[in-house]
Amino acid sequence: MKRPRLIAIAIVAVTLPIPVVAHADPPSQLYMLNCWGCHRPNGEGIPGTAPPLKGAVDFLRVPGGREYLISVPGVALSPLSNEQAAAVMNWILKSFSKDRLPAYFKPYTADEIAKARTTHMLDIKKARVELVTLVVDGKIREPEKQ
């Protein structure tokens, strides 16, 4: 008599819904899983393949630079949600360029990422060259080494 009761309790216990706890991966982990392969662990990039993320904060100081950073394929076409992409971009800027982050910097938002994902840059290399020229001409940083 005890055995059937135990079996019934076990069946009920197994079929009860298990509460799911929402789990958000930290931006550093999302970076590791989605960006690290090309931009490397410390944001140094791979010459000729993926530009460095160190110093990306300098683009925030020139017109169009903020939009550029989230319009590149690695952000605009990533599998990350808008919220995750915004969190990763904010983490990148704060982690790799914290000492050069402008005081007026406002963190990226999910809405901003969503908007950027509706437009696609046709010539990403040309856009980067133009922005780097503005950054160098504005004496925000030295020219990039080739």
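This report describes the helices, core, aromatic rings, largest pocket and some single residues of a predicted model.

## Overall fold

The protein has eight helices and zero strands. Read from the N terminus, its elements therefore run α-α-α-α-α-α-α-α, each a helix as DSSP runs define it. The chain has 146 residues, and 33% of them count as buried.

## The nonpolar core

The largest nonpolar core is made of 30 residues. Within this core, Leu69, Leu93 and Tyr108 have the most contacts. Two or more residues of the core come from each of helix 2, helix 4, helix 6, helix 7 (110-116) and helix 8. Which of these helices gives the most to the core? Helix 6 does, with seven residues.

One residue of helix 6 is Leu93. Its relative accessibility is 1%, so Leu93 counts as buried, the limit being under 20%. Leu93 also comes together with another part of the chain: Leu93 and Lys54 are 39 residues apart along the chain, and their C-alpha atoms are separated by 8.0 Å.

## Aromatic pairs

How many aromatic pairs does a search of the whole structure find? The search finds five. In one of them, the ring centres of Tyr31 and Trp91 are 5.3 Å apart and the planes make an angle of 40°. That angle is neither under 30 degrees nor over 60, so the pair is tilted. The two residues belong to distant parts of the chain, with Tyr31 in helix 2 (residues 27-34) and Trp91 in helix 6 (residues 82-96), 60 residues apart. Is each partner buried or partly exposed? Tyr31 has a relative accessible area of 1%, so this residue is buried. Trp91 has a relative accessibility of 24%, so Trp91 counts as partly exposed.

Another aromatic pair joins Phe105 and Tyr108, with 6.5 Å from centre to centre and 70° between the planes. This pair is edge-to-face. Both Phe105 and Tyr108 are buried. Ring pairs also link Tyr31, Trp91 and Phe96 into a cluster.

## Charges over rings

Tyr108 has a further neighbour besides Phe105. The charged end of Arg66 sits over the ring of Tyr108, at 4.2 Å from the ring centre. Tyr108 thus appears in three settings: an edge-to-face pair, a charge over its ring, and the list of residues with the most contacts in the largest nonpolar core.

A second arginine is placed over a ring elsewhere. Arg141 lies over the face of Phe59, and the distance to the ring centre is 5.3 Å.

## The largest pocket

The largest pocket holds about 1200 Å³ of space. Its lining has 40 residues, and those nearest the pocket centre are Thr49, Ala50, Pro51, Pro52 and Arg128. By type, the lining divides into 25 nonpolar, 10 polar and five charged residues.

Several helices contribute to this lining. Helix 3 (36-39), helix 4 (65-71), helix 5 (73-76), helix 6 and helix 8 (124-137) each supply at least two residues. Which helix gives the most to the lining of the pocket? Helix 8 does, with seven residues. Helix 4, helix 6 and helix 8 are thus among the elements that supply both the pocket lining and the largest nonpolar core.

## Residues outside the helices

Arg40 is in the loop between helix 3 and helix 4. This residue has a positive phi of about 70°, although it is not a glycine. With a relative accessible area of 31%, Arg40 lies between the limits of 20% and 50%, so Arg40 is partly exposed.

Lys139 is found in the segment after helix 8. Lys139 is not a glycine either, and its phi is positive, at about 55°. Is Lys139 buried or exposed? Its relative accessibility is 74%, which is over 50%, so Lys139 counts as exposed.

Gly138 also lies in the segment after helix 8. Its relative accessible area is 47%, which makes Gly138 partly exposed. Gly138 and Val62 are 76 residues apart in sequence, while the distance between their C-alpha atoms is 8.4 Å.

Technical notes: Residues are numbered from 1 along each chain as its sequence is written. This is a predicted model: local features need pLDDT of at least 70, side-chain atom pairs count only at pLDDT 80 or more; totals for chains, interfaces and linings use all residues. Side-chain values use heavy atoms; hydrogens and water are left out. Rings of Phe, Tyr and Trp (its six-membered ring) pair if their centres lie within 6.5 Å; planes under 30 degrees apart count as stacked, over 60 as edge-to-face and the rest as tilted. Helices (H or I, at least four residues) and strands (E, at least two) are DSSP runs, numbered from the N terminus. Buried means under 20% relative accessible area, exposed over 50%, partly exposed in between (1.4 Å probe, protein chains only). A charge sits over a ring if NZ of Lys or CZ of Arg is within 6 Å of the ring centre and within 35 degrees of the ring normal. On a 1 Å grid over the protein atoms alone, a cavity is a set of points where a 1.4 Å probe fits but cannot get out, and a pocket is an open set with protein on both sides within 12 Å along at least five of seven lines; lining residues have an atom within 4 Å of a point. Grid points are joined across faces, edges and corners, and a volume is the space filled by probe spheres set on the points. Ala, Val, Leu, Ile, Met, Phe, Trp, Tyr, Cys and Pro count as nonpolar, Asp, Glu, Lys and Arg as charged, and the others, Gly among them, as polar. A nonpolar core is a set of buried Ala, Val, Leu, Ile, Met, Phe, Trp, Tyr and Cys residues joined through side-chain atoms within 4.5 Å.
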